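Got your viewer open? Let's take a short walk through this model, one selection at a time.

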Amino acid sequence: MSWLDTHPKAGKRFSLGAGSVSAEPEINLIPFIDVLLVVLIFLMISTTFTRYQELAITLPTANGSESQAENKQIHIAVSRDGRFAINGKVTDRSQLSSALMQLSNESSSNKGAANNLQVNIDADARAPHQAVMSALEAARDADLANIVFSSQTKK
């Protein structure tokens with residue numbers, strides 16, 4: 001009796017290659033984790049962090065009555081395309097200073113002082129900055145210092 005007769009695998013043919021046993025596929029996660037950690041470190045180093053600094057303020061309150069002196073108001077409307085209107089009348093940019101000076105002189109002759117004259121600039125949200133600056137310059141040229149910008153509240 002030989003060894004070939006007693007061994008259980010002896011009846012099979014001898015081969016040098018892999019056997020017919022099928023191997024289950026495996027997913028090696030270690031290289032995947034290494035790549036993800038490298039990407040994470042790269043993103044952490046290359047990202048710049050900015051801090052937004054704000055001032056925390058509390059506005060003061062007042063328990064007084066409204067001022068009894070009525071201010072005469074001049075409304076300067078600035079449209080989206082840079083056109084002007086003073087108290088509802090359309091005015092050219094070149095005539096803006098002269099119209100404000102005329103209104104200032106009328107107010108000072110009627111009431112005795114132009115200090116009560118208030119200029120409300122009602123500019124469209126998309127009005128050019130230059131148009132708003134032209135309205136401010138015209139008010140400065142007319143010696144009007146009480147300037148207010150109008151806004152609306154969100155509903």
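Which residue in S4 does His75 stand opposite? Select His75 and look across: Asn120 is there. Keep in mind as you go that this is a predicted model.

Now colour strand S4, residues 117-123. Five of its seven residues are buried, so the rest of the structure largely encloses this strand. Add strand S1 (residues 72-78), and you'll see S1 and S4 pairing in the parallel sense over seven bridges. Then add strand S5, residues 147-149. S5 also pairs with S4 in the parallel sense, over three bridges. To find one of the contacts, click Ile121: its bridge partner in S5 is Phe149.

Next stop: helix H4, residues 129-141. Its 13 residues should span 18 Å at 1.5 Å a residue, and the end C-alpha atoms are indeed 18 Å apart, so the two agree. Select Ala131, Val132, Ser134, Ala135, Ala138 and Ala139, which are buried in H4. Turn the view to look down the axis of H4: these buried residues fall within an arc of 155 degrees, so they line one face of the helix. On the other side of H4, pick out His129 and Arg140, which are exposed. Just after H4 comes Asp143, with a positive phi near 60 degrees.

Last, jump to helix H2, residues 29-46, and click Leu36. Is Leu36 buried or partly exposed? At 45% relative accessibility, Leu36 counts as partly exposed. Leu36 belongs to a nonpolar surface patch of about 840 Å². To show the whole patch, select Ile27, Leu29, Phe32, Ile33, Leu36, Leu37, Leu40 and Met44.

Technical notes:
Residues are numbered from 1 along each chain as its sequence is written. This is a predicted model: local features need pLDDT of at least 70, side-chain atom pairs count only at pLDDT 80 or more; totals for chains, interfaces and linings use all residues. Side-chain values use heavy atoms; hydrogens and water are left out. Patches are made of residues with over 30% relative accessible area and no salt bridge: like charges are joined within 9 Å, nonpolar side chains (Val, Leu, Ile, Met, Phe, Trp, Tyr) within 5 Å. Accessible areas come from the Shrake-Rupley method with a 1.4 Å probe; for residues, only the protein chains shown count as cover. A salt bridge is a side-chain nitrogen of Lys or Arg within 4 Å of a carboxyl oxygen of Asp or Glu. Helices (H or I, at least four residues) and strands (E, at least two) are DSSP runs, numbered from the N terminus. Buried means under 20% relative accessible area, exposed over 50%, partly exposed in between (1.4 Å probe, protein chains only). The expected span of a helix is 1.5 Å times one less than its number of residues. The arc is that of the directions from the helix axis to the C-beta atoms. Two strands pair if DSSP finds at least two bridges between them.
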